[in-house]
Amino acid sequence: MPEPRRTQFRPLDPEFLEDPYPTYARLRDHHPVAWGSTPAIGYAGFWFVSRYVDVSAGLKDNRFGREITRVLPEEAFPPVPDEDRPLYAMLADWMLFKDPPTHARLRRIAAPVFSLRAVMAMRPRIEALIAAALAQIPREGPFDIVSDFSSPLSIDIVADLMGVPEEDHPLVRGWVREITLSLDLVRTPERIRAGSRRAGELVAYFATLADAHRQEPRDNLMSLLLSAHDEGGFLSREELLASCVLFLFAGHEASSLLIGNGLLALAQHPEEWRRLRLGEVGAKAAVTELLRYDSPQQIAFRHALCDVDFAGTAIRKGQTVGFGLAAANRDPRAFPDAERLDLDREETRHLAFGAGIHTCAGSSLAQLEAELVFGALAERFTDLKVVGHERQESILVRGLTRLVLDCG
Ligand code: HEM
């Protein structure tokens with residue numbers, strides 16, 4: 001065990017936030033399991049794994065899990081203030097934060113919701129929402145593709161599929177934005193408090209919506225979820241509501257970030273944009289490569305459930321490990337010419353949707369949604385001219401809070 005540990009990686013440095021890829025390359029070559037520290041947010045630090053082969057193996061290794069409470073004593077966790085409880089309660093039943101056997105049960109119940117058949121049935125509705133969102137973009141002059149298109153559209157799509165009526169979409173967008181701010185590792189007590197208030201409101205909203213669907217089942221994800229069950233029984237009420245909220249959160253942010261990251265990458269690679277626009281490369285292949293090239297979720301965090309000797313590093317029970325999905329996706333050991341955007345590259349086994357038991361449950365939906373979006377954008381715009389952009393401050397996800405384009 002290297003003690004004291006030497007920080008090899010500071011994920012909150014501004015240069016890293018703007019462009020993490022040179023750092024990822026250095027870590028892959030010299031410190032494949034590095035120590036990253038984030039003192040600015042009082043987070044002790046974590047191991048960071050950057051090579052494709054290790055990230056892929058680590059995410060499938062059951063010595064790493066999500067439920068830190070299983071391995072550390074209660075005293076290790078600061079007490080949660082009463083006013084913050086709704087936020088933590090909302091997260092407690094997310095399958096994303098569960099280990100087997102609870103994870104397997106929740107995932108099995110949600111399976112019909114994300115089956116290819118269910119996803120294909122959603123296609124006409126998704127197309128209609130994309131067309132409506134595109135119609136809002138001005139024909140002339142600059143516009144912010146994030147606030148004017150990708151962010152509201154991504155929330156509306158999942159909300160709609162969950163049965164939220166159109167007139168409530170703005171309400172749900174507002175809740176989602178405030179809660180999202182409170183969930184990142186970069187978060188202040190004020191953000192957590194505001195997020196907690198909104199979490200209580202959102203869960204209450206879904207409880208009412210679920211009751212309405214129970215009385216009158218409809219053709220959407222909420223009704224599928226309500227009728228889904230495994231041999232052990234139905235979902236508890238808390239688990240049902242937690243799943244609704246998880247789908248909304250897991251479903252919208254990464255999808256929205258992919259649109260911004262993808263458009264920025266295409267604007268910086270006009271030849272690739274031209275190939276997509278002229279149909280020389282299909283939207284499906286383009287989306288696969290854009291997911292690899294600048295992955296919306298950069299890291300998948302786990303905790304060591306026991307002492308683990310991993311890729312030559314002694315990781316102690318209870319320590320946090322960040323598996324670098326985006327670092328792995330640029331690993332030249334796995335992808336020839338990995339730093340190049342190549343919309344029809346042959347090797348496409350990226351890790352942008354994760355790996356192992358927590359692999360994105362909504363990946364088919366996400367892939368379809370993105371294909372339809374990029375297909376529609378390629379039809380609508382000829383030139384992609386970037387006027388300005390702003391980055392989200394996060395170490396978990398990578399994306400833009402603003403991407404101003406002038407495509408007129
Ligand atoms: C571009 C879009 C998306 C990306 C890049 C993405 C990425 C990911 C990743 C990396 C994970 C694994 C996290 C981990 O292992 O810690 C994950 C999990 C998950 N995603 Fe997605 N996701 C996307 C869209 C969606 C959509 C549209 C939905 C559903 C509406 C969704 C639902 C989920 C769920 C439920 C999980 C938890 C799975 C589990 O714990 O077993 N995602 N996603």
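**Close-up 1. Right-handed crossing of helices α8 and α9 in the predicted model**. The two helices, α8 (residues 145-161) and α9 (residues 169-183), pack with their axes 10 Å apart and at an angle of about 110°. Because angles of 65 to 115 degrees count as roughly perpendicular, α8 and α9 are described as roughly perpendicular to each other.

**Close-up 2. Residues at the contact of α8 with α9**. Helix α8 contributes Ser151, Pro152, Ile155, Asp156, Ala159 and Asp160. These residues meet His169, Val172, Arg173, Val176 and Arg177 of helix α9. By residue class, the contact comprises five nonpolar, four charged and two polar residues.

**Close-up 3. Polar atoms of the protein beside oxygen atoms of the ligand**. In the side chain of histidine 103, an N or O atom is 2.6 Å from an oxygen atom of the ligand. For histidine 358, the distance from a polar side-chain atom to a ligand oxygen atom is 2.7 Å. Leucine 96 presents a polar backbone atom, 3.5 Å from an oxygen atom of the ligand. Two or more residues of the shell around the ligand come from each of the elements α5 (102-110), α12 (237-268), β7 (299-304) and α16 (363-380).

**Close-up 4. The shell of residues around the ligand**. The ligand is surrounded by 28 residues, of which His103, Arg107, Arg302, His358 and Cys360 come nearest. Helix α12 gives the most to this shell, with seven residues. In composition, the shell divides into 18 nonpolar, seven polar and three charged residues.

How values were computed. Residues are numbered from 1 along each chain as its sequence is written. This is a predicted model: local features need pLDDT of at least 70, side-chain atom pairs count only at pLDDT 80 or more; totals for chains, interfaces and linings use all residues. Side-chain values use heavy atoms; hydrogens and water are left out. Axes are lines fitted to C-alpha atoms, for helices over the stretch in contact, and angles run from 0 to 180 degrees between N-to-C directions. Helices (H or I, at least four residues) and strands (E, at least two) are DSSP runs, numbered from the N terminus. Angles under 35 degrees count as roughly parallel, over 145 as roughly antiparallel, 65 to 115 as roughly perpendicular and the rest as oblique. A crossing is left-handed if the near helix is turned anticlockwise from the far one by less than a right angle, and right-handed if clockwise. Contact means heavy atoms within 4.5 Å. Ala, Val, Leu, Ile, Met, Phe, Trp, Tyr, Cys and Pro count as nonpolar, Asp, Glu, Lys and Arg as charged, and the others, Gly among them, as polar. A residue is near a molecule or strand if one of its heavy atoms lies within 4 Å of it. A polar contact is a pair of N or O atoms within 3.5 Å; within protein, one must be able to donate a hydrogen and the other to accept it, and residues adjacent in sequence count only if both atoms are side-chain atoms.
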